[in-house]
Amino acid sequence: MKRQRSAGNGNAWRSLALILIAIVALTGGMFASGHTTPRLGIDLAGGTSITLRAVPEKGQESAINKTNMNTAVDIMNRRVNGLGVSEAEVQTQGEENIIVNIPKGTNSKEARDQVGTTAKLYFRPVIATEVSGGAATATPSPSASSSASGKATDKATDKAGSSASPSTSASPSASASTQGRAVTDALKADSSPSARSSAAASGSPTPSASASVDPATAKLQAQYAALDCSKKSVRSTAGKNAKATEPTVACGQNSGGQWQKYVLGAAAVDGTDVKKAQAVFNTTTAAGWTVTMEFTNKGSKKFGDITGELAKNQQPQNQFAIVLDGEVVSDPSVSQALTGGSAEISGSFGQQEAQSLANMLSYGALPLTFKEDSVTTVTAALGGEQLHAGLIAGAIGLALVVIYLLIFYRGLSVIAIPSLLVSAALTYVIMALLGPAIGFALNLPAVCGAIVAIGITADSFIVFFERIRDEIREGRSLRPAVERAWPRARRTILVSDFVSFLAAAVLFIVTVGKVQGFAFTLGLTTVLDVVVVFLFTKPLMTILARKKFFANGHKFSGLDPKALGAKPPLRRTRRPAAPVDPKEA
């Protein structure tokens, strides 16, 4: 019997040592990682949160799947990181939503513009272009060049101003009638590369120009004539829903700050065909900042074909437009077929302009179209106030639980309060480690989850203490009461915590947005509750049950048999001794 008691006591001390070693190890890891505080969410630290919803294109509803959503998250994450934004968070929420959280202290406007630019990236041949709302003036365009070896070379024509914006090129005509004829001829030539080449060589319209104009061309011609890109309402819709396989109109801003309108041919190269793009400062020539592009094998062939066709034509038909979200972001001219697998766009780029264009080229091709559902901006001051309020609420909740334990369980609070502190320490350290590990951010709903968890943890102690009291009421002494009560309390605690964890898991899976923070924290603290009760509360109770204060049922121990209405002590009934045989005596 003595050995069994010693073994039980030894196991209790080992369990306490194990959980304390775990706390020390996790705390050491927290300090070693340099992240000594949990990472705060946008609603507590301040910043901008953008919710994007995937919108299926007609006939492509099945495109919204896990693979494409993960690809979109990866591209958006690289877009934001390409802007130098640190600690931004991009993640899926549900089946068709993506949440982008941009912390304070960064260029959230530029990040929002690039992340929200969700349409696909295309390279389209320029059919016609002029300054919107006025006669066109000739302005040099940025040029694209390539070397036979595949390394980009500088063959730029100078362009004043921003090279990330389209330039003004020679217009077909300022008058509606001749403009319409030129566009019609160009569209017919665009549909037939051989006709376009012969027309360019002869300097005259193709023979088909005299034929009747088909309805689609007439519609596009009318759109181009009526297009006024100087109006924001017009720019926001021009070319947005254009199909890649059809010509379209579009708007873009030129180097002089004027809005330019375009007629563009069908997309010749997709953004997915660009393998890599980067801004490079060219020290060998006077080109300055340039943007170099590397194409995939498939993209290299397509780009070589279209630039070869464009190089045979006269301006503006020797240009291609880089179109992102329906807007022309650059329109370099082409002087030769670019077949080396790489190309260079050069002009009078500034560093920021070159990097912005390279970023869009690298990460501009999303597999899905997204709609911006909501944008929430929280100032750092408001976030600090919300965090302060959350901490006060947590402190009040903890204080009320402690007061309740002191009033109803008295000396047993010596076990319950340290258990709560151990649970709180583990929760804090793990949250701090999860920030850099998986990007977990503590938001306001997550703080609420932690506050609710105080009650869940206290429930586990109460279940155990009440089982012990029940055993004492049956007339048992404290030490056997603890050991008999534990199996019954353990089952109840496990079932209760399993239900809580299941609810948290379901909530985490089916909800969208910040509610997931509540579900995650609730699930984490529920798991930690099981760990603390098994490795700390129960062993500590086993050790203290051997102390006279608790074992003798002191009136302030919370285990006073009189106060609990205990029955008389249970005694073992011994069998009567067998009669002694007289002979043996």
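This passage describes a strand sheet and the nonpolar cores of a predicted model. Local features were considered at pLDDT of at least 70 and side-chain atom pairs at pLDDT 80 or more, whereas totals for chains, interfaces and linings use all residues. Residues are numbered from 1 along each chain as its sequence is written, and side-chain values use heavy atoms, with hydrogens and water left out.

An open sheet is formed by four strands in the order β2-β3-β1-β15, with antiparallel pairing; strands pair if DSSP finds at least two bridges between them, and strands (E, at least two residues) and helices (H or I, at least four) are DSSP runs numbered from the N terminus. Because β2 (89-93) and β15 (369-378) each have a single partner strand, one side of each is left without a neighbour in the sheet. Within the sheet, strand β1 (residues 47-55) is joined to the antiparallel strand β3 (residues 97-103) by seven bridges, and S49 has N101 as its bridge partner in β3.

The largest nonpolar core, a set of buried (under 20% relative accessible area, 1.4 Å probe, protein chains only) Ala, Val, Leu, Ile, Met, Phe, Trp, Tyr and Cys residues joined through side-chain atoms within 4.5 Å, has 49 residues. Among the elements that give two or more residues to this core are α1 (2-33), α11 (380-409) and α13 (444-473), and the largest share, 10 residues, comes from α13. L412, F465, I468, L478, M541 and L559 have the most contacts inside this core. L559 touches (heavy atoms within 4.5 Å) residues including L412, I468, L478 and M541, not counting residues up to four places away in sequence. A second, separate core of 26 residues includes F123, V269, F320 and V329.

How values were computed
Buried means under 20% relative accessible area, exposed over 50%, partly exposed in between (1.4 Å probe, protein chains only).
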